[in-house]
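Student: I would like a close look at a single part of this model, followed by an account of what lies around it. Please keep to what can be read from the coordinates.

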Amino acid sequence: MASIKPTPDLRPARLNALGEFAASIAHEVKQPLAAITLNARAGLQWLDQHPPRVEEARAALRMVLEASTAATAMVRSLHGMACQAAPERSVFVVNDMVRDVLQLLRAELRLQCITVTEDYGPDYQLNADRVQLMQVIMNLILNAIEALRDIHDRPRTLSLHTGLDGDALCIRVADNGAGIPPALAERIFDPLFSTKPGGTGMGLAICRSIAQAHGGGLRSDNARPHGAAFHLSFKEYTLWTPSRS
Ligand SMILES: Nc1ncnc2c1ncn2[C@@H]1O[C@H](COP(=O)(O)OP(=O)(O)OP(=O)(O)O)[C@@H](O)[C@H]1O
Ligand SMILES: [Mg+2]
């Protein structure tokens with residue numbers, strides 16, 4: 001007698017994947033959306049003044065435009081990842097990319113009284129998707145800022161380091177917060193895993209999949225004497241040399 005094979009029910013897996021994708025989008029656009037709302041509200045308030053403060057309103061609108069452009073780029077690159085599209089590669093100097101992300105977060109770091117230590121090695125270049133790698137560094141720094149929020153008994157520090165680790169190019173983002181409990185060391189990279197009340201738990205999952213899509217990796221360990229350190233590494237890189245033309 002011919003046996004009828006039950007069709008596997010793919011819905012839970014699909015729903016889960018969809019849930020993760022939706023959570024990724026929510027995670028990446030949360031910051032720019034908050035910036036859009038704040039600046040749009042500020043713009044209206046400037047225009048409601050007597051006489052209207054047009055220059056300030058224009059500056060607020062410019063910020064709205066910048067934040068929405070950033071959100072669009074992020075959604076596009078996440079969509080690319082979901083469709084398994086190849087990263088949009090270009091050649092850039094890693095140290096400059098890290099400095100650019102830091103610049104975007106300077107105001108927040110100052111507000112949270114976090115001292116930043118920068119230790120850049122030689123100007124190595126990657127052939128990679130710059131927007132995606134900026135997302136990774138931004139997520140790691142935002143996690144560090146969140147981890148440092150509970151620290152009140154010592155100066156809060158964030159340290160950024162680039163350089164070679166064996167034969168790999170490594171970008172290290174470390175803080176002196178409470179660190180990661182050993183039992184959670186691998187779970188923190190699971191999609192939707194979060195210990196924060198409002199967290200989506202997608203940040204590190206997105207970071208690791210971006211690193212892997214570039215043939216690289218992301219791991220964490222604890223920093224000394226306090227805190228967490230994240231190591232983003234790439235096997236393929238070149239050294240930037242000034243052009244002779
Ligand atoms: N720098 C850090 N120090 C200590 N724990 C960390 C650090 N970075 C991440 N974690 C832990 O890893 C978990 C997962 O981080 P992930 O970025 O994936 O999500 P999240 O930060 O909780 O949520 P979201 O990114 O949506 O705000 C965090 O909830 C936290 O427990
Ligand atoms: Mg996070």
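Student: Which residue just after α5 takes a positive phi?

Tutor: The model is a predicted one. The residue is Gly 215, which has a positive phi of about 75° and comes just after α5. The helix that precedes Gly 215 spans residues 203–213. This helix, α5, is mostly covered, with eight of its eleven residues buried. Those buried residues are Gly 203, Leu 204, Ala 205, Ile 206, Cys 207, Arg 208, Ile 210 and Ala 211. The list includes a run from Gly 203 to Arg 208, and Ile 210 and Ala 211 complete it. For comparison with the chain as a whole, 38% of the 245 residues of the protein count as buried.

Next comes the ligand. α5 is one of the elements that give two or more residues to the shell around ligand 1; the others are α4 (130–148) and β7 (228–234). The largest share, three residues, comes from α4. In total 20 residues surround ligand 1, and the closest are His 27, Ser 194, Thr 195, Lys 196 and Thr 200. By class, the shell holds eight nonpolar, nine polar and three charged residues.

Three of the closest residues have a polar side-chain atom at a stated distance from the ligand. For Ser 194, such an atom lies 2.6 Å from an oxygen atom of ligand 1. Lys 196 likewise places a polar side-chain atom 2.6 Å from an oxygen atom of the ligand. The value for Thr 200, again from a polar side-chain atom to a ligand oxygen atom, is 2.6 Å. Ligand 1 taken alone exposes 600 Å², and the protein buries 92% of that area.

The loop that leads into α5 also has a backbone feature. Leu 192 lies in this loop, between β5 (168–175) and α5. Phi of Leu 192 is positive, near 70°, in a residue other than glycine. Leu 192 counts as partly exposed because its relative accessibility is 43%. Another non-glycine residue with a positive phi is Cys 113, at about 55°. Cys 113 is found in the loop between α3 and β2 (114–120). With a relative accessibility of 58%, Cys 113 counts as exposed.

Further along the chain from Gly 215, there is a cis peptide bond from Arg 224 to Pro 225, with omega near -5°. Pro 225 lies in the loop between β6 (217–222) and β7, and β7 is one of the elements that give two or more residues to the ligand shell. A cis peptide bond also runs from His 50 to Pro 51, with omega near -5°. Pro 51 is found in the loop between α1 (11–47) and α2 (54–82).

The two helices on either side of Pro 51 can be placed relative to each other through two pairs of C-alpha atoms. Leu 61 is in helix α2, and its C-alpha atom is 6.6 Å from that of Ala 40, which is 21 residues away along the chain. Leu 33 lies in helix α1, and its C-alpha atom is separated by 7.3 Å from that of Ala 67, 34 residues away along the chain. Leu 61 has a relative accessibility of 56% and therefore counts as exposed. Leu 33, with a relative accessible area of 48%, is partly exposed.

Helix α3 has a bend. α3 covers residues 94–111, and at 1.5 Å a residue its 18 residues should span 26 Å; the end C-alpha atoms are 26 Å apart, so the two values agree. Even so, α3 bends by about 55° at Leu 105. Leu 105 is among the buried residues of this helix, along with Val 94, Asn 95, Met 97, Val 98, Val 101, Leu 102 and Leu 109. In an α-helix there are 3.6 residues a turn, so residues three or four places apart point the same way.

As for the overall layout, the protein has five helices and eight strands. Read along the sequence, their pattern is α-α-β-α-β-β-α-β-β-α-β-β-β. To return to the part in question, Gly 215 follows α5 with its positive phi of about 75°, and the helix before it has eight of eleven residues buried.

Conventions
Residues numbered from 1 in each chain as written. Chains lettered and ligands numbered in written order. Predicted model: local features only at pLDDT ≥ 70, side-chain atom pairs only at ≥ 80, totals over all residues. Heavy atoms only, no water. Near = heavy atom within 4 Å. Polar contact = N/O pair within 3.5 Å; in protein donor to acceptor, adjacent residues only side chain to side chain. Areas by Shrake-Rupley, 256 points an atom, 1.4 Å probe, with all protein chains shown as cover. Helix = DSSP H or I, 4+ residues; strand = E, 2+ residues; numbered from the N terminus. Nonpolar A, V, L, I, M, F, W, Y, C, P; charged D, E, K, R; others polar. Expected span 1.5 Å × (residues − 1). Bend = angle between axes of the 7 residues up to and from the residue. Buried < 20%, exposed > 50% of the residue type's maximum accessible area, 1.4 Å probe, protein only.
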